[in-house]
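Please open the structure in a viewer and keep the selection tool at hand. The tour below proceeds stop by stop, indicating what to select next and what is found there.

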Amino acid sequence: MKYGGRPVEVALQATVSSAVMPRAARLTLACWISSAACLGPTPAHAADLLPRTAQAYERYADEATQGFVARARKAAAGATRCDGVIAARAGGGDGILSVPGGLVHHWLGLAFVTGAQLKQVDGVARDYSSYSKVYKSVVSSKVLDQKGNDYRVLIRLKEDAGLTAVLDVRSAVDYRAQSDGSVTAISKSEEIRQVEDYEKPNESLLPVGRDSGYLWRAHTFTHFVPEKDGVLIVMETLGLSRRFPYGTGWFLEPIARRIGRKSVEESLTEFVVAIRRSAGLPAPGSSCI
């Protein structure tokens, strides 16, 4: 795979995706934080985000953003309609890609909600004040500003995966109606700060890019497609993290990828459950995957 005219090699050292999940419009950020267990115990300030690392991620993210609608339509066309999460897989390469000084995590998930309407799905996605009731990784969330279909939101994420990682993620989210009647939402982190000494009297925020390196940048792309029997959801998450400690990639890489796929699946599942609850729809008789 290439971005910006340069090859992106699959990482031999890697981490995993979170919130970061999904959010069906934004929360799969938590997915990336789940990889904290794989990174092993580290001091709070263990990594610095280098300019070249941030630039490499932005080039990759820009290309991914530009091509998302086309990719989402292709994924939707080839997806079997099944009530619930249909697929959770790598969104680029094998899900974890190496860039200078860091790792890009790119995951994709698809789900179908039988009986749902587009306005119900869109409404749950935009209800940021309720995210802590929808996603287990969300401690708190609020809208900082809204102008029409453009939002700025602040979400505090907490993951307990062997370690406890807490992040404050401020993002800009842009909802747009497409010509075919579908809706897309593009979320891009503006600032991610790791919380030190969480819930202690001396709780503080570490400087941006000078922390444990769990999650430095994040994007979430979602596409809601209304159909005759329900709504199809296509979601992609991008994240930037530090590399694995030297010499541990061979062992941690397969674990990281399993966590990445599982995180996307769980985040989408939480979103689908919230849609069914909001719309008064029954749970499906069996799972899709």
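**Salt bridges**

The count of salt bridges comes to 16, a salt bridge being a side-chain nitrogen of Lys or Arg within 4 Å of a carboxyl oxygen of Asp or Glu. The model is predicted, so to speak of local features requires pLDDT of at least 70 and side-chain atom pairs count only at pLDDT 80 or more, while totals for chains, interfaces and linings use all residues. Residues are numbered from 1 along each chain as its sequence is written, and side-chain values use heavy atoms, with hydrogens and water left out.

Select D48 and R210 to begin. These two residues form a salt bridge whose closest N and O atoms are 3.5 Å apart. The pair links distant parts of the chain, 162 residues apart: D48 belongs to strand β4 (residues 47–48) and R210 to strand β13 (residues 210–211). Helices (H or I, at least four residues) and strands (E, at least two) are DSSP runs, numbered from the N terminus. D48 is partly exposed, with a relative accessible area of 39%, and R210 is partly exposed at 42%. In these terms, buried means under 20% relative accessible area, exposed means over 50%, and partly exposed lies in between (1.4 Å probe, protein chains only).

Next, select D180 and R73. Their closest N and O atoms are 3.6 Å apart, in a salt bridge. This pair also links distant parts of the chain: D180 is in the loop between β10 (164–177) and β11 (183–196), and R73 is in helix α4 (residues 68–77), 107 residues apart. D180 is partly exposed, with a relative accessible area of 45%; R73 counts as partly exposed at 36%.

Move on to K136 and E266, whose side chains meet in a salt bridge at 3.9 Å, N to O. Here 130 residues separate the partners, which link distant parts of the chain: K136 is in the loop between α6 (131–134) and β8 (138–147), and E266 is in helix α7. K136 counts as exposed, at 63% relative accessibility, whereas E266 is partly exposed at 33%.

To close this part, select R152, R170, E190 and E191 together; a network of salt bridges links them.

**A buried arginine**

Select R242, in the loop between β15 (230–241) and α7 (249–279). Which side chain of opposite charge is nearest to R242? It is D211, 7.4 Å away, and R242 is buried yet has no salt bridge. For charge, Lys and Arg count as positive and Asp and Glu as negative; His and the chain ends are not counted. The side chain of R242 does reach the backbone oxygen of S212, at 2.6 Å.

**Aromatic rings**

The count of aromatic pairs comes to six. Rings of Phe, Tyr and Trp (its six-membered ring) pair if their centres lie within 6.5 Å; planes under 30 degrees apart count as stacked, over 60 as edge-to-face and the rest as tilted.

Select Y131 and Y135 for an edge-to-face pair, 5.3 Å centre to centre with 70° between the planes. Both Y131 and Y135 are buried. Then select F224 and F271: the ring centres are 6.2 Å apart and the planes stand at 25°, so the pair is stacked. F224 in strand β14 (residues 217–227) and F271 in helix α7 are 47 residues apart, and the pair links distant parts of the chain. F224 is buried, with a relative accessible area of 0%, and F271 counts as buried at 1%.

Now display Y128, Y131, Y135, Y151 and Y175, which form one aromatic cluster. Add R126, which lies over the face of Y175 at 4.1 Å from the ring centre. A charge sits over a ring if NZ of Lys or CZ of Arg is within 6 Å of the ring centre and within 35 degrees of the ring normal.

**Two last stops**

Select D122 in helix α5 (residues 118–126). D122 counts as buried, at 14% relative accessibility. Leaving aside residues up to four places away in sequence, D122 touches Y175, V183 and F224, contact meaning heavy atoms within 4.5 Å.

Finally, select S130, in the loop between α5 and α6, where S130 counts as buried at 19% relative accessibility. The side chain of S130 makes a polar contact with the side chain of D127, at 2.8 Å. A polar contact is a pair of N or O atoms within 3.5 Å; within protein, one must be able to donate a hydrogen and the other to accept it, and residues adjacent in sequence count only if both atoms are side-chain atoms.
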